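Reader: I am new to this structure. Please take me through one part of it closely.

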Protein chains: 2
Amino acid sequence: MGKPDYGKFFASRINYMYPSPVREAVAKIAYKSKIKPIISFAAGEPDPEVLPRDIYANLAAEIFRKVPKIVNYAPAEGVLDLREEIAKFMKEYEGVETSYEKVIVTVGGSQALDIVARVLLEPGDIVITENPSYVNTLLCWRHYGVQLTGVEMDEKGMRTDKLEEKIKELKNKGRLVKLIYTIPTGQNPSGITMNLERRKHLLEIASKYDILVVEDTAYNHLVYEEVPVKPLRSMDKEGRVIYAGSFSKVLGTGLRVGWLEAPEEVIEKVRYSKQPMDMCAPVPSQYIVLEVLRRKMFGDIKMRAIEAYKHKRDLMLKALDTHLPELKHTRPVAGMFILLWLPEKIESYAFADVLLEKYDVAVIPAARFFLGEEGRNVIRLNFSMAKPNLIDEGVKRIAKLVGELAEQV
Amino acid sequence: MGKPDYGKFFASRINYMYPSPVREAVAKIAYKSKIKPIISFAAGEPDPEVLPRDIYANLAAEIFRKVPKIVNYAPAEGVLDLREEIAKFMKEYEGVETSYEKVIVTVGGSQALDIVARVLLEPGDIVITENPSYVNTLLCWRHYGVQLTGVEMDEKGMRTDKLEEKIKELKNKGRLVKLIYTIPTGQNPSGITMNLERRKHLLEIASKYDILVVEDTAYNHLVYEEVPVKPLRSMDKEGRVIYAGSFSKVLGTGLRVGWLEAPEEVIEKVRYSKQPMDMCAPVPSQYIVLEVLRRKMFGDIKMRAIEAYKHKRDLMLKALDTHLPELKHTRPVAGMFILLWLPEKIESYAFADVLLEKYDVAVIPAARFFLGEEGRNVIRLNFSMAKPNLIDEGVKRIAKLVGELAEQV
């Protein structure tokens, strides 16, 4: 027959598969940075200079020698001792009472979210998210053919009044909402943290309309101010909250260790689903995290991260207030990101391209974090990986380009 | 509303999710082995005593210190240098001409197979596999609602004459076959290696009927005899073969590093699919494998594995010929497994339970590796992880129980 016509072999879900705009931008930036130095606000992860690589080097050397099982499969659910440590961690750091049976270790928080979809979502299901929301979850869940609907946010988080309106509106059309997906603390991409009142309201709504909640807690341990918030999961009395956890933002994204904590009925299905997907999460990484927790090193590593990123956040907010006082941006108390609204007429993709080409500054256009057209002129700025001494200069260059484009328009 | 009725939230695909019989057996065995010593033929992976944990300890310590990127996300496609090394590896060890662009690093071979399904398979698709076949692939692909059809094997591998008959038969009913899944070398669970003639025939059939082939090469580097076989991928002139690779069986399953090599058209979709699934495969593991390949250590590690497992295979075959001369079993030239047919009347699940309880010997009932009822009385024996000095004793105990049950029947 000769070369196959591959098109006819693909599953119809490939029509819902899109490249990640973040990864695409990062690839462009990596290419450019080989030619000349770049000021990058594009990243979405911790600073490798802040992460304790020496500690990991020592732990890895020790456990590869001492733990023969490190080179074998772990149970699909994860290394048992790690699951127990995670259950303790959730009590100590999150105020959540749980047990290891309800914890499944995953390949980062990303796989936790993919497995949630694998077990719960199918074509036509309705999922409500914050608008904007984390682009990789949107991309991933679209593989499952779901209908994603956004609810606007303000500086207090998701507008839960609007959430209820949306649910009612759908219900009137005979459509039921299955899941609410939220990143209540230090949201990606907005940096916004939902306040306690809204969190309670969201849980009330979930109960009233019989909806499950997926709480993405990736940024829960990077909080820079005293804010009286608690995880939704810690306030959930009915078993509606599925908790997606990650060590990536404090211990490093490269390790790929996250987890899913959920009611037993859900975890049972997650276990069956996960076994053949990947056999288990990477075992050396699981043991490194296990030892960090067991030896009580997490608290110090976290404090060091908070100190570094809080300083950078402050520098970036100051630079924005100085060089771009007229533009709207978020003021995060947690996480790694600030959203910046450019003047209405500026299209963020084109802006990011020119900014990189002409001014050697990298940012992420945020359009595809939004569910509609409202993010056309928005860019995401990361401060966690920025070099402190270049933050002011980078923002100054953004302001310069904004000024130039404003004149042209 | 109170506690949710979780049943109504699950996706319909949970009806196709089953626990792995291997993992269930392994859990039972782990429990028992805490109480008393077990002779285990149940494993499906390399012997940690054979794996070079010291080398990994030194490499890990070195790269955690030297490579800041090790704690960050890698590109979703994998660490670029590793993809390049894998392309070279495929040339050197497999006779396959490819380039890094067609290689995507995955979380072990398992995730490679899950992604194949994610991109290609949807409800109603027909996939033909060897019968029996690798249970985790069967479990995983069932999530996608496909119809799996088995073709019998003999000592030369899949009966390709029967394969063609099956395809024709389906075609006459208006049903087209989309994929053929094969583990041509050291198949799991049978240990059978497909001969060269059958491999060529399989490729001819794929071309003639316009079918894609997924070649699972997990055991390609554990070959104990001089056999004139080549990977299907190396003989594929049309771009029909999707190659699932794994370092697990030589370098250790715990690392979770495998890959997918496929035609550009397919790899493009794989890339889009993989990004949001897990962001990337574990980065420390990727760097350990990279350094093993770059420093030309793979060959020695492989030779050491082959030497150890060949010895154990010989001991197990000899024990079977001695203690169970009347029973049919496979005689693998590659891989880690021997299939043993118990007398017709013996049900393998019950047999495995009694064997463990009464004789402290662990085996895997193979029924669920078969697509029909024909595996009821078959057990899978692993030799790679067995203790050489206990192989004869373990087989003797199997023979003893077979004898006792034969008298009862």
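How many residues does the contact take from chain B and from chain A?

Author: A note before the count: this is a predicted model. The contact takes 77 residues from chain B and 77 residues from chain A.

Start with the chain B side. Several helices of chain B each supply at least two residues to the side that touches chain A. They are helix 2 (53–66), helix 4 (108–120), helix 5 (135–142), helix 7 (196–208), helix 10 (264–278) and helix 11 (283–294). Helix 10 of chain B gives the most, with 9 residues. Now sort that side of chain B by class. Nonpolar residues number 40. Polar residues number 17, and charged residues number 20.

Next, the symmetry. A turn of 180 degrees, with a shift of 0.0 Å along the axis, lays chain B on chain A. The RMSD of that fit is 0.0 Å. The two copies are therefore related as by a two-fold rotation axis. In chain B, the C-alpha nearest the axis belongs to Ala61(B), 2.7 Å from it. Both copies use the same surface: 100% of the contact residues of chain B recur in chain A.

Last, one residue of chain B on its own. His311(B) sits in helix 12 (residues 298–323) of chain B. His311(B) counts as partly exposed because it has 14 C-beta neighbours inside 10 Å; buried would take 20 or more, exposed 12 or fewer. Compare its position with that of Tyr287(B). His311(B) and Tyr287(B) are 24 residues apart in sequence. In space, C-alpha to C-alpha, His311(B) and Tyr287(B) are 31 Å apart.

How values were computed. Residues are numbered from 1 along each chain as its sequence is written. Chains are lettered from A and ligands numbered from 1 in the order in which they are written. This is a predicted model: local features need pLDDT of at least 70, side-chain atom pairs count only at pLDDT 80 or more; totals for chains, interfaces and linings use all residues. Two residues are in contact if their C-beta atoms, placed from the backbone, lie within 7 Å. Helices (H or I, at least four residues) and strands (E, at least two) are DSSP runs, numbered from the N terminus. Ala, Val, Leu, Ile, Met, Phe, Trp, Tyr, Cys and Pro count as nonpolar, Asp, Glu, Lys and Arg as charged, and the others, Gly among them, as polar. Copies are superposed by least squares on the C-alpha atoms of residues with pLDDT of at least 70 in both.
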